[in-house]
Amino acid sequence: MEKGTNGNADIMRGYMRYMKLERNYSPNTIEAYGRDLAKLTDWLDRQQLSLADVDEARLHAFAAALHDMGVGAVTQCRVLCSMRSLFRYLVADGYRPDDPMEHIPAPRTGEHLPEVLTTAEVDAMEDALDIMRPGGQRDRAIIEVLFSCGLRVSELVALRLSDLFLQERYVRVAGKGGKERLVPISDRAVDELEAWFEWRARINIMPGEEDYVFVSKLGRHLSRVMVLKMIKRQALAAGINKTISPHTLRHSFATALLCGGADLRIIQTLLGHERIATTEIYTHIDSTALRREILEHHPRNIGRGDS
């Protein structure tokens with residue numbers, strides 16, 4: 001088993017090509033997998049082990065080494081998830097006859113529920129903007145589209161004018177893996193977009209950028225980092241003491257739908273989740289919110305506190 005490891009780099013190059021060409025993963029996703037799996041291949045190289053024949057016992061030792069290096073449980077879970085995908089590929093592509101990850105459990109991370117915003121908090125973020133300047137109305141439209149459509153920030157910054165069907169009240173979204181979905185858009189979001197377009201018409205947009213919905217004052221499409229900084233700034237301006245990111249508005253969209261009675265499968269489709277298990281996190285958020293409401297408002301609990 002302990003043969004030369006020159007093949008590890010070749011295997012990884014093949015796996016990266018597979019993710020790009022066959023799975024159609026985004027460059028950011030491929031880069032993230034590469035960073036996680038580099039921890040494994042570096043360790044294997046030091047042990048003179050090959051991806052093609054390393055066994056379950058050695059991978060258990062690697063998992064223990066991650067813990068000893070101070071890698072947190074969440075990162076350990078992510079690395080092991082990347083390893084599961086890699087070894088499934090190795091089996092499917094004939095590099096090895098077995099999957100050594102089959103019986104290796106992920107470390108427990110505890111329940112982590114993402115932050116969500118109420119409609120009032122979203123309104124407060126929008127109201128804190130100065131819509132008498134181009135950036136103010138643009139940012140107001142961004143917040144409303146994120147909250148009304150549940151887009152990922154990468155989907156928002158890639159949104160094109162040709163993806164908008166405002167009269168029909170839906171947008172076309174290019175999600176992960178290049179999968180397209182149609183998402184309804186609210187009247188409020190349409191109003192904010194149309195107000196932004198009045199400002200956008202005055203901007204000298206750079207060649208090649210003309211079809212992007214959201215552009216800067218210099219006429220270039222926005223980056224994810226620019227949207228992240230704006231969301232954090234507006235949360236602070238609105239006095240919201242939560243850990244906020246653009247994804248918080250996506251969580252808030254899904255939670256509001258669930259609380260309103262929407263079917264979980266419909267929410268899965270709107271969010272573009274490949275697996276229903278990913279969407280099920282919102283049932284835990286909903287249960288937490290319901291418990292809080294009961295504790296705060298049920299007559300048997302008023303004045304008693306959370307026990």
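User: Which residues is V227 in contact with, leaving aside its neighbours within four places in sequence?

Analyst: In this predicted model, V227 is in contact with I142, L146, V153, L156, V157, L222 and P246, once neighbours within four places in sequence are set aside. Contact here requires heavy atoms within 4.5 Å.

User: What makes V227 stand out in the largest nonpolar core?

Analyst: That core has 48 residues, and V227 belongs, with L156, L193, F214 and I231, to those that touch the most other members. Among the elements that each supply at least two residues of this core are α5 (119-127), β2 (170-174) and α9 (224-237), while α6 gives the most, with 7 residues. Apart from this core lies another, of 28 residues, including W43, A52, F87 and M101.

User: Why is F87 called buried?

Analyst: F87 is listed as buried in α4, along with V79, L80, M83 and L90, among others; the term is applied because the relative accessible area falls under 20%.

User: How do you know that the length of helix α4 fits its number of residues?

Analyst: Helix α4 (residues 73-92) has 20 residues and reaches 29 Å from its first C-alpha to its last, which is close to the 28 Å expected at 1.5 Å a residue. The helix is followed by G94, whose phi is positive, near 85 degrees.

User: What is the mean pLDDT of the protein chain, and where is the pLDDT below 50?

Analyst: The mean pLDDT is 84, and 86% of the residues reach 70 or more. Over residues 1-5, however, the pLDDT is below 50, although this stretch has 19 contacts in the model beyond near neighbours in sequence.

Note on methods: Residues are numbered from 1 along each chain as its sequence is written. This is a predicted model: local features need pLDDT of at least 70, side-chain atom pairs count only at pLDDT 80 or more; totals for chains, interfaces and linings use all residues. Side-chain values use heavy atoms; hydrogens and water are left out. A nonpolar core is a set of buried Ala, Val, Leu, Ile, Met, Phe, Trp, Tyr and Cys residues joined through side-chain atoms within 4.5 Å. Buried means under 20% relative accessible area, exposed over 50%, partly exposed in between (1.4 Å probe, protein chains only). Helices (H or I, at least four residues) and strands (E, at least two) are DSSP runs, numbered from the N terminus. pLDDT is the predictor's confidence in each residue, from 0 to 100. The expected span of a helix is 1.5 Å times one less than its number of residues.
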